[in-house]
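Got a few minutes to walk through a structure? Have the sequence and the 3D view open side by side, and we'll take things one spot at a time.

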Amino acid sequence: MKGESNMTANTAKTIGFVGIGVMGKSMAGHLMKAGHQVLVYNRTKQKAEDLVAQGAVWKDQVAELAAEADVIITMVGYPKDVEEVYLGEKGIIPHAKPGSYLIDMTTSKPSLAIKIYEEAKKRSLYSLDAPVSGGDVGAREARLTIMVGGDSEVFAAMEPIFALMGTNVILQGGPGAGHHTKMSNQIAIASNMIGVCEAIAYAKKAGLDPTNVLKSIEAGAAGSWSLSNLAPRMIAGNFAPGFYVKHIIKDISIALEAAKEMGLATPGLELSLSLYQELAAQGMEENGTQALIKWYDKHFGETV
C-alpha cells in the first residue's frame with residue numbers, strides 16, 4: 001500500500017481515541033483543542049467523562065468508534081489488549097472504513113505491530129506503531145517523544161496529528177520499528193531509575209539534604225529526565241503514577257523477551273525487573289515508577 005495514501009491530517013476531521021488513561025486523556029484533549037472531532041472509548045466510562053463534558057463523543061463499543069473515525073488512535077494497557085482491540089471480532093480492523101489510519105501508541109510488542117500492519121493492509125487500512133515517552137507531564141504539555149514505525153507516506157500524512165501531541169516525532173523505520181525504539185528507551189530508563197534511587201539513598205545516608213544535592217547533580221553529567229522529574233517526587237514522598245509500576249514491569253518484560261530473541265544479554269534490565277516485581281508483590285503496582293525508592297528505604301532505611 002506504499003504510495004496509495006492521499007489523505008492528509010486536514011481532511012481527517014474525525015479521530016477515534018481508545019484508552020483514556022493518565023496519558024491518553026491529555027493526548028485526546030490536545031486533538032480536541034486543535035478543532036478535531038474526537039470520539040472516545042474506554043473500558044471504564046468514568047475516566048472519559050471530563051472529555052465528554054468538553055465535547056468529545058462517547059462510543060459504547062470499539063467497533064462503533066472504528067466505523068465512524070478517519071483516524072483511530074489507541075493507548076491501552078498490554079499487548080493482549082492491543083491484539084483484542086485491533087484484531088478481535090469486535091475490534092478496529094474488522095470495522096474500520098477502508099482508507100482509515102490506525103495509530104497504536106501503546107507500548108507493545110514489535111511482532112504484534114507487524115501483524116497488525118499486515119492485517120490492516122489486507123483491508124486497505126494504514127497502520128503505524130507510535131509508542132511515546134515523556135510521562136504524564138509530557139502528555140499534559142504536548143511535549144511527548146513519539147517513536148514511529150510504518151510506511152513513510154503514511155507517517156507524512158499523520159505527522160501534523162502527531163505534532164499536536166509531541167515535539168520530538170521521528171520515523172524510525174518500517175512496521176515494529178517504533179516499538180523496538182521504545183524498548184531501547186525503556187531499557188535506558190529502567191537502569192537509570194536504579195541509579196537515581198541509589199543517588200538519593202546515598203545522599204540521605206550521608207546526612208545531606210537530597211533536594212540540595214539534586215540541584216548540583218542534575219545540572220552536570222548525571223543529569224537525566226528521571227533525575228529532574230522523578231527524584232523530586234521521591235524526596236517528597238509523592239508516588240502518584242505518571243507511569244505505573246505495573247506498566248514498567250510490562251515494558252521490561254517485553255524488552256527482555258525481544259532481547260532474548262536477538263541473543264542480547266541485558267543484566268541491568270533483569271535487575272530492574274526483579275526490584276519492580278518485589279514492589280508489585282508488596283502491593284505497590286499502582287504506584288508511579290518513582291516508588292522504586294521505597295525498595296531502598298525498606299532495605300537500608302531513610303537516614304543514617
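**A walk through the model**

Let's begin with some rings: W295, Y296 and F300 form one aromatic cluster. Keep in mind as you look that this is a predicted model. A pair of aromatic rings is described by the distance of the centres and the angle of the planes. For W295 and Y296, the centres sit 5.0 Å apart with 75° between the planes, which makes the pair edge-to-face. W295 also pairs edge-to-face with F300, this time at 6.0 Å centre to centre and 65° between the planes. How buried or exposed are the two neighbours in the chain? W295 counts as buried at 16% relative accessibility, and Y296 counts as buried too, at 6%. Across the structure, the count comes to six aromatic pairs.

Another ring worth a look belongs to Y244: K246 lies over its face, 5.0 Å from the ring centre. From there, go to helix α13, which takes in residues 245-261. With 17 residues at 1.5 Å each, α13 should span 24 Å, and its end C-alpha atoms are indeed 24 Å apart, so expectation and model agree. How much of α13 is tucked away? Of its 17 residues, 12 are buried, so the helix is largely enclosed by the rest of the structure. The buried ones include V245, H247, I248 and I249, and K250 and D251 are also on that list. What does the covering? Among the elements that pack over these buried residues are α4 (79-87), α9 (177-205) and α14 (267-281). After α13 comes G263, whose phi is positive, near 75°.

Now for the charges. A search of the whole structure turns up 15 salt bridges. One of them joins K97 and D70, with the closest N and O atoms 3.0 Å apart. K97 is in the loop between α5 (92-95) and β5 (101-104), while D70 is in the loop between α3 (62-68) and β4 (71-74), so this pair ties together parts that are 27 residues apart in sequence. The partners sit in rather unlike surroundings: K97 counts as partly exposed at 31% relative accessibility, whereas D70, at 18%, is buried because the cut-off for that is under 20%.

A salt bridge within a helix makes a nice contrast. K122 and E119 pair up with their closest N and O atoms 3.0 Å apart. Both belong to helix α6 (residues 110-122), and being three residues apart there, they are separated by about one helical turn. K122 is exposed, with a relative accessible area of 64%, and E119 is partly exposed at 28%. Elsewhere, salt bridges that share partners join R43, K80 and D81 into one network. Within that network, the side chains of K80 and D81 meet at 3.5 Å, N to O. Which of these two is buried and which exposed? K80 is exposed, with a relative accessible area of 56%, but D81 counts as buried at 6%.

To finish, step back to the annotation. An unreviewed UniProt entry labels residues 14-171 "domain: 6-phosphogluconate dehydrogenase NADP-binding". In the model, that span is 42% helix and 24% strand, and its end C-alpha atoms lie 23 Å apart.

Conventions
Residues are numbered from 1 along each chain as its sequence is written. This is a predicted model: local features need pLDDT of at least 70, side-chain atom pairs count only at pLDDT 80 or more; totals for chains, interfaces and linings use all residues. Side-chain values use heavy atoms; hydrogens and water are left out. UniProt positions are given in the numbering used here, feature names are shortened, and annotations may be inferred rather than shown by experiment. Helices (H or I, at least four residues) and strands (E, at least two) are DSSP runs, numbered from the N terminus. The expected span of a helix is 1.5 Å times one less than its number of residues. Buried means under 20% relative accessible area, exposed over 50%, partly exposed in between (1.4 Å probe, protein chains only). Contact means heavy atoms within 4.5 Å. A salt bridge is a side-chain nitrogen of Lys or Arg within 4 Å of a carboxyl oxygen of Asp or Glu. Rings of Phe, Tyr and Trp (its six-membered ring) pair if their centres lie within 6.5 Å; planes under 30 degrees apart count as stacked, over 60 as edge-to-face and the rest as tilted. A charge sits over a ring if NZ of Lys or CZ of Arg is within 6 Å of the ring centre and within 35 degrees of the ring normal.
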